[in-house]
Amino acid sequence: MVDAAPLLPGLLLLSAAASASIVAYLLVRLRRRTPSRGTRSFLLVAAAAGVWCLGVTLMLWEPTFEGMAALSMVSWFGMLVLAIAWPAFVLEYTRSVDVFSPRVFGPLAAIPGLTLFGLVVRSGLLVRDVHVESVGSLSTLDGTPGPLLVVFVLYTYVVNIGSLVLLAQHYLESGSEVRPQTGALLVAGSLPFAVSIASLLGVTPFQPVDLTPLVFTITNVIVLVALFRYDLFRLVPVARTTLVEELTDGVLVVAPDGHIVDANPAAVRLLGSADPVGSDVDDLSVDLDLAEGGRSNFTVVEGATSRHVEVEVSHIRTPGEELTGALVVLHDVTEQREREAALQETNDRLEEFAGVVSHDLRNPLTISQGYVDLLRDRHDDPELDEIDAANARMQEIIDDTLTLARLETGALDAEPVSLRDVATEAWSVVDTGTASLDVDDHTVSADPGRLRTLLENCFRNSVEHGRPDDDADLVVTVDRLDDGFAVADDGVGIAETVRDELFETGVSSDEDGTGFGLAIVDRVAQDHGWTVTLGDTDEGARFEVRGVDVREKADCETP
């Protein structure tokens, strides 16, 4: 029978050389360019496998026991590093984990580090009764496993099983473009694990030599091809079941060349076509703008209905800003568009209503007031005052109705404005009589026109309802609050009967009031995202507007 043992050192040395070549190639890539994701962890895998093979080879060639014992440290070091490196590589691939962060690398290195400590300090914890064992015409070391070696072996098996589970799970979750690569990694990771179990059971040739590092060379070659030939880490894998499959938004993953490598069910539904995975993005029936940060829209006609889709594109880049693909998110905005159309229709009707109120009601009112003026010149009839008052009330109702309608349809355009300037302007258009105004000078972020409307109605409410009689002086103040401002007067205050429903349309403490004024105040506050409430005061009325961005005047002045 031919002794094949002399061939084993050559095979192991060839395997170590292959691993060394892979390490050299990776080091060159690391020096010349920004490393692709997974390069560093794979560099650790290749280096560890090569060192393990080299240590076993040198032990087979060494004739003395002392020399074998010293060289065994080399193989042990390679084995321990590989026990950390392979699961780190799998974690980086399947879960995009930063494996070199302390929170990941620390737990992975705990048991191997303890094993190295036991090897250096007290080797009996690893292997007892060490002796020379023949391997055909060669020889190596063998012994009885110690408790620390049992712990280490169990750790490596648990970690390797976990790595295979992660790869299998990713294989099942991957799209058709990624699945072949993941399947190759699953096979590559299974080979050394199977050989390790076979060596432990004593069913491999060349016992007691462990052939696992030899088989790891095949694994390294497969990973190298996948990593740099088929862009293994170009499109970073994620947990699709939780992140993509269950999303109501459509998600497409597009390679740099425009090839669609993944799509969730929502994307297939929104595109209104067959599974797009494997096709080019330009071949889709809709136009997707893949510009940097680009947004676009398209419409899919489904029978008598149309579905509106908004497209949002995010480019995927490496830490070195190398483009690795694009993530395309498809938002179904059909309901939003329908609501916008309904709102626009409502606004159009309100605009039409405002036009009718402004023209068709004001014209007869103007004619009526004109006849009242003519009759006054001819007759001194006190009943004309009643008609005049009714006309004035009608004019107020028309003005307030138009104000509410325009608040519904007008867009809010907030900007920094002087509270004193707007208040002074509002005061000038209100019939304030002998009342006076006192305003703090601060800057607020508000729509100037709507803020003026709010203040006009507050001032009008104070002047019309706050004075006990026409001869009494009234002081209206606009004070700053921490998060807003307050409009207060020193008049008669608010009747208890209307305090709880003061801001509702049609509610007024004066039978001649329209009941629109404070409803308009409340609506303007809501449009800005503010709140308006009736504040506590010993006399008069106090309205507090909160939620306002208020600053000192000097804070908004430029030097």
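**Reading helix α6 and a nonpolar patch**

Mentor: In this protein, 62% of the contacts (heavy atoms within 4.5 Å) with a separation of 6 or more are between residues 24 or more positions apart. The model is predicted, so local features need pLDDT of at least 70 and side-chain atom pairs pLDDT 80 or more, while totals for chains, interfaces and linings use all residues. Residues are numbered from 1 along each chain as its sequence is written, and side-chain values use heavy atoms, without hydrogens and water.

Trainee: How do you know that the span of helix α6 agrees with its 23 residues?

Mentor: A helix is a DSSP run of H or I with at least four residues, numbered from the N terminus, and its expected span is 1.5 Å times one less than its number of residues. For residues 179–201 that gives 33 Å, and the end C-alpha atoms are 33 Å apart, so the two agree. Just after α6, Gly202 has a positive phi of about 80 degrees.

Trainee: Why is Leu114 called partly exposed?

Mentor: Buried means under 20% relative accessible area and exposed over 50%, with partly exposed in between (1.4 Å probe, protein chains only); Leu114 has 43%, and therefore counts as partly exposed. Leu114 lies in helix α4.

Trainee: What makes Leu114 part of a nonpolar patch?

Mentor: Such a patch joins nonpolar side chains (Val, Leu, Ile, Met, Phe, Trp, Tyr) within 5 Å, from residues with over 30% relative accessible area and no salt bridge, that is, no Lys or Arg side-chain nitrogen within 4 Å of an Asp or Glu carboxyl oxygen. Leu114 is grouped with Met73, Phe77, Leu116, Phe117, Val120 and Val121, and α4 gives the largest share, 5 residues.

Key. Helices (H or I, at least four residues) and strands (E, at least two) are DSSP runs, numbered from the N terminus. Patches are made of residues with over 30% relative accessible area and no salt bridge: like charges are joined within 9 Å, nonpolar side chains (Val, Leu, Ile, Met, Phe, Trp, Tyr) within 5 Å. Accessible areas come from the Shrake-Rupley method with a 1.4 Å probe; for residues, only the protein chains shown count as cover.
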